[in-house]
Amino acid sequence: MTWWQERVGYQIYPKSFQDTNGDGIGDLQGIQNRIPYLKRLGVGFVWLSPIYLSPNIDNGYDISDYQAIDPQYGDLKQFDQLVSAFHEADIKVVMDLVLNHTSNQHDWFVQAASSRDNPYHDFYIWKDAKNGVPNNWQSIFGGSAWQYNQTTDEYYLHIFATEQPDLNWENPQVRLAIYKMIEWWVLRGVDGFRLDAIIHLKKLQSFADVDDMNLAMRNVAGIDVFLKELGQLFKQNDVMTVGEAMGAPIEDAAKWVSTDHGYFNMIFQFEHTQFFESGHLADLSVPKLKSVLSKWQNELNDDGWNALFIENHDLPRAVSTYGDDSEYWLASAKCLAAWYFLMKGTPFIYQGQELGMINADYPRIEDYQDIATHNQYEQLIKTGKSSADALAIVQKISRDNARTPMQWNDQENAGFTTGTPWLEVTPDYKLINTENQVDDDSSVFNFYRTLIHLRATTPALISGRYDLLETPGDQIYAYSRTLGDQQYIIAANLSTESANFDFAPELQPAVKQLVLGNYIFKTDFLTNDVSKLILQPFEVAVYKVSVN
C-alpha cells in the first residue's frame, strides 16, 4: 500500500482557516500554528487550496503567478517553513494546481492580449471578431464563454469567469512551461497535487455550436494525450495526484486511475453531488446514492482507487445536505462520517467537517462573496424567480457555505481573526467549535479521530472489497468490507425516521461485534448474535463479523 492509500487527507481553505495578523484573511502562519490540532485529529496529509499570487476574482483559482505566494497568505520563505513543519509532524503536503486557465492578470495573458504577434499569444485560445461572438458556448459561471479583447480585435475563451482565460493546451510551449513549474514545486518539497478542472483541458477543435456544452469542453476526445503526458511527469517525480474530474464517465475510470497505467492516482468524481448542485434537493435520495457510489466502488474494487469525500470548498456542508442540521445535527454529522469514510478509497475531510459545521444561510444575497453564487442568483432572477426564491436556492448550494471561517472557539469571530473576517462566520459558532469538542469524547471531532484510528488499524477497512448490501426501502445504506476472513458491515440510516436492518440469512448465525456506533454504547450489545437491528434516525453501526 502507498502512503496516500493508508493515510487520511484534510483539505485546508487557507483564506478561512486561521488568521494571525488581524487582516481578516487566513494565512500560512495560521496553518502552521494549527499543525498540532491536525496531528491530534490524525490526518496524514493536507491539501492546500490555492495560495498563489492572484487578484482573487475566484478566490485564488485565478492565478497570476504560479511561482509566487499571494502576500495575503505570506511568502515563499514561510511556505518552505510550513512544508518543513508539516513534514516534521509526519504530515504530507498536497497543493492545488489550476492548469485549465490563469488569471487575466498573469503575465502570459497580459502579453498575449497585447498583440497577435506576441510569442505568448498562442498560450490562450483566440477567435477572430469579424463575425461577432465565435459560437454559442456558455461559461460554467453563466453567460457567453467568449470575451472581446479590443487591442487585438479578437475574442478569448473563458469557460469559467471572464477574468479566467483558458490556456491553449494544444500549444506544446504551454505544456512545457506548465511542466517546468510543476517540477519547481516538487523541488520545494511538495508531496502531491490536486488537479483543478483537469477534465476541461481539451476543447472541441471545430469550435462549432453545440447543444450540450459538455461536448465542447469536458472530457473531449483527444484529452488523453495531455493527461498521459502529465501522468508521466508526476510518476517521474514520485508525487501523488488526485484529479478533479467532474463528468468523467465510469467507462473511463481505468484510464484515469488504473494502478498500472492510469493518468493519476485518484480522481474526485461528482456524480453523488449532482442531485443537489442545481438546487433540486428533492432529487437526492438514498437509492440514488447507493447506485452512484456503488458503481464507482465496484469499478475500482480490483484496479484503481477512489477518493472519498462529501464536502469540499465548492459544495454546501454535508450535514445541511445529506443530514439534518437541527434536531439530528449530532447524530447525522457522525452517521455521515462513518458512512462515506469506511468505503474503499482515501477519505478526505474538509476543514470544519470534523466539527459538523453547517450551512451559512446568510439572509441577504449581499452577504455572499462567491462569484458563482451571484451569477446563479442573477440567472434565477432572469428565469422569473422572485428574489426570495432565488435566495432560498442559492442558500442551499452556495460555495460560500463551505468557505465561512473555521470555528475555533466561542469568542468573537469564532477565534478565526482579531479583525473583520473576509466572510461572516456562521451564527452557530458558539455551539459548534473546536474548543467545545476536542476534549469531549462524545463530540463529532472525536468520532472522526476514532474513525481515523479504526481505519488505520484495520486492513479490511483500507484494502478490503466493497459490496453493497441489499436493504428494502429508501432509508438505509449498508455495505460490507471484506479481506480474507475479516469482514465488517457498515449500516447507516440516512433518514429522520427509525428503520429496520436485517442481516443477510448467511450472517444471522455469525457473531457480530459492534466496534463503532454513534448512539449510546451498551456493554451487553458489544458482542451478540443479533440478526435484526432497529436503527434510530441517522444511526450508524459498524460491526465486525466472525463467521466460523
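Is Phe 341 buried or exposed, and what is its relative accessible area? Phe 341 is buried, at 0%; the legends below come back to this ring. This is a predicted model, in which local features need pLDDT of at least 70, side-chain atom pairs count only at pLDDT 80 or more, and totals for chains, interfaces and linings use all residues. Residues are numbered from 1 along each chain as its sequence is written, and side-chain values use heavy atoms, with hydrogens and water left out.

**View 1. The whole chain, with its 18 helices and 21 strands.** Helices (H or I, at least four residues) and strands (E, at least two) are DSSP runs, numbered from the N terminus. The C-alpha atoms fill a box of roughly 80 × 55 × 50 Å along the principal axes. Of the 548 residues, 59% count as buried (buried is under 20% relative accessible area, exposed over 50%, partly exposed in between, with a 1.4 Å probe and protein chains only).

**View 2. An open sheet of eight parallel strands.** Reading across, the order is 11-10-9-5-2-1-13-12. Strand 11 (266–268) and strand 12 (307–308) sit at the edges with a single partner strand each, so one side of each has no neighbour in the sheet. Two strands pair if DSSP finds at least two bridges between them. Further in, strand 1 (residues 9–12) runs parallel to strand 13 (residues 346–350) over three bridges, and Tyr 10 stands opposite Ile 349 of strand 13.

**View 3. Two edge-to-face pairs, out of 43 aromatic pairs in the structure.** Rings of Phe, Tyr and Trp (its six-membered ring) pair if their centres lie within 6.5 Å; planes under 30 degrees apart are stacked, over 60 edge-to-face, the rest tilted. Phe 141 and Phe 160 meet edge-to-face, 5.6 Å centre to centre with 75° between the planes. They are 19 residues apart, Phe 141 in the loop between strands 6 and 7, Phe 160 in the loop between strand 8 and helix 6. Phe 141 is buried at 10%, and Phe 160 is buried too, at 12%. Back to Phe 341: its edge-to-face partner is Tyr 448, at 6.3 Å and 75°. This pair ties helix 13 (residues 329–341) to helix 17 (residues 444–456), 107 residues apart; Tyr 448 is buried at 1%.

**View 4. Lysines over rings.** The charged end of Lys 92 sits over Trp 3, 5.5 Å from the ring centre, and that of Lys 127 sits over Phe 207 at 4.1 Å. To count, NZ of Lys or CZ of Arg must be within 6 Å of the ring centre and within 35 degrees of the ring normal.

**View 5. Lys 202, a buried lysine.** Lys 202 lies in the loop between strand 9 (192–196) and helix 7 (214–217), with a relative accessible area of 11%. Its side chain makes a 2.8 Å polar contact with that of Glu 170 (a pair of N or O atoms within 3.5 Å; within protein, one must be able to donate a hydrogen and the other to accept it, and residues adjacent in sequence count only if both atoms are side-chain atoms). Leaving aside residues up to four places away in sequence, Lys 202 also touches others, including Ala 216, Met 217 and Phe 226, where contact means heavy atoms within 4.5 Å.

**View 6. The two faces of strand 20 (residues 532–535).** Leu 533 and Leu 535 point to one face and are buried, while Lys 532 and Ile 534 point to the other and are not. Strand 20 pairs antiparallel with strand 17 (residues 499–502) over four bridges, and Phe 501 has Leu 533 as its bridge partner.
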